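Grab a coffee and work through these exercises with the structure open beside you. Try each task before reading its solution.

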Amino acid sequence: MAQGRSLAVPRAAPVLTACFLACVATGLELSVNNQTADFSLCTEPLSTVSLSCLVQNSSWDEELLWYRGDGQVDLKDGNKVNVSNICISPVSESDNGVTFTCKLARNNSVQVSVILDVQFLPQLTGEESLQIEEGKDVSLTCNTKSNPHVQTAWYKNNEALTLQQDRYQLYETSEVLQLTIQNVQKSDNGTYTCYVESYLGNSTKDFHLTVEDEKTPFPMEAIIAAAVVVTLTVLFGIVARKDKIFKCFKKSSETAL
């Protein structure tokens, strides 16, 4: 008759099991601003956001921890037990998408996270004045920063730009709106406007393009070739007259003696 084998149980297992069962039995959980599940909080720049984390259904004091992303927030001693509050002030565009998480110190799996959704008007930057030689390609780069998503367009001299496929190329990401003009002509002179719009409003950025005359390329190859010809001519002349030069040099030497 086969005997049953006993499985070795790590000593830490009863402790972890007891901790887990205690949490389940008491229904211990955390809430942030009365939310017990992860959520997104919509706000705007220069505002103040207060987050309050509360331990629920606990029969003893619990220590709380706050994290901004992966970094732990430094809390005062009186702001750690059962209830913990943090304040983000003033909120900035760089806080958009940042996650704040409240965790139970003795069991980090008990936690609630808040993602900041900072919404702001589109912000545009880029080189405003560009000079380009006729016949070359030029790129107008409009750097964009916005939340929420924006609709985009290009204008020339305050009129909607008709994008000819063989002359214009568009490149667009969440952070860049770029217009490339190929084989620039004098008729491309003017002011180009990058236009972006969201439900919060719109923003524009002007780019002043100046097309300069095509420069005549410096004939470096011809100059080099001419220099080589002159040098060879001089050398051949010296070789051809070497006997006369040698006699003249010899006569000068004898006279000096």
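**Exercise 1. Find the residues at the heart of the largest nonpolar core, then see which strands feed it.**

Keep in mind that this is a predicted model.

Step 1: Start with the core's best-connected members. The largest nonpolar core has 24 residues, and those touching the most other members are L30, V32, L51, W66 and F100.

Step 2: Now look for the strands behind it. At least two core residues come from each of β1 (29-32), β3, β4 (64-68), β6 (83-88), β7 and β8 (107-118). The largest share belongs to β8, with 5 residues.

Step 3: Look for another core. There is a second, separate one of 20 residues, and L124, I132, L140 and L209 are among its members.

**Exercise 2. Track down the disulfides and say what each one links.**

Step 1: Apply the cut-off, which is sulfur atoms within 2.5 Å. That gives 2 disulfides.

Step 2: Take C53 and C102, whose sulfur atoms are 2.0 Å apart. C53 sits in strand β3 (residues 49-56) and C102 in strand β7 (residues 99-104), so to speak distant parts of the chain, 49 residues apart. Both C53 and C102 are buried.

Step 3: Move on to C142 and C194, with 2.3 Å between their sulfur atoms. This pair also links distant parts of the chain: C142 belongs to strand β11 (residues 138-147) and C194 to strand β16, 52 residues apart. C142 and C194 are both buried.

Step 4: Check the handedness. The C53 and C102 link has -85° about the S-S bond and is left-handed. For C142 and C194 the angle is -85°, and that link is left-handed too.

Step 5: Write down the connectivity. Counting bonded cysteines along the chain, the pattern is 1-2, 3-4.

Step 6: Don't forget C87. Is C87 buried or exposed? Its relative accessible area is 51%, and the cut-off for exposed is over 50%, so C87 counts as exposed.

**Exercise 3. Lay out the open sheet of 5 strands and decide which strands stand at its edges.**

Step 1: Read off the order, which is β10-β17-β16-β12-β13, with mixed pairing.

Step 2: Pick out the edges. β10 (129-133) and β13 (159-160) each have a single partner strand, so each has one side without a neighbour in the sheet.

Step 3: Zoom in on one pairing. Strand β16 (residues 190-198) runs antiparallel to strand β17 (residues 201-212), and the two pair over 9 bridges. Along the way, T193 stands opposite D206 in β17.

**Exercise 4. Classify the aromatic pairs by geometry and describe how hidden their rings are.**

Step 1: Count them. There are 2 aromatic pairs.

Step 2: Start with W154 and F207. Their ring centres are 5.8 Å apart and their planes meet at 50°, so this pair is tilted. W154 comes from strand β12 (residues 151-156) and F207 from strand β17, 53 residues apart.

Step 3: Check exposure. W154 is buried at a relative accessible area of 6%, and F207 is buried at 0%.

Step 4: Turn to Y155 and Y195. The centres are 6.0 Å apart with 75° between the planes, which makes the pair edge-to-face. Y155 lies in strand β12 and Y195 in strand β16, so the pair ties together parts that are 40 residues apart in sequence. As for exposure, Y155 is partly exposed, with a relative accessible area of 28%.

**Exercise 5. Work out what surrounds P45.**

Step 1: Locate it. P45 is in the loop between β2 (39-43) and β3.

Step 2: Look at its surface. P45 has a relative accessible area of 21%, so it falls in the partly exposed class.

Step 3: List the contacts. Setting aside neighbours within four places in sequence, P45 is in contact with V91, E93, V118, Q119 and F120. P45 and N96 are 51 residues apart in sequence, with 9.3 Å from C-alpha to C-alpha.

**Exercise 6. Decide how far to trust the model, and where to be careful.**

Step 1: Take the overall score. The protein chain averages a pLDDT of 85, and 78% of the residues score at least 70.

Step 2: Find the weak stretch. Residues 1-25 have a pLDDT below 50, and beyond near neighbours in sequence this stretch has 5 contacts in the model.

Terms used:
Residues are numbered from 1 along each chain as its sequence is written. This is a predicted model: local features need pLDDT of at least 70, side-chain atom pairs count only at pLDDT 80 or more; totals for chains, interfaces and linings use all residues. Side-chain values use heavy atoms; hydrogens and water are left out. Two strands pair if DSSP finds at least two bridges between them. Helices (H or I, at least four residues) and strands (E, at least two) are DSSP runs, numbered from the N terminus. Buried means under 20% relative accessible area, exposed over 50%, partly exposed in between (1.4 Å probe, protein chains only). A nonpolar core is a set of buried Ala, Val, Leu, Ile, Met, Phe, Trp, Tyr and Cys residues joined through side-chain atoms within 4.5 Å. pLDDT is the predictor's confidence in each residue, from 0 to 100. Contact means heavy atoms within 4.5 Å. Rings of Phe, Tyr and Trp (its six-membered ring) pair if their centres lie within 6.5 Å; planes under 30 degrees apart count as stacked, over 60 as edge-to-face and the rest as tilted.
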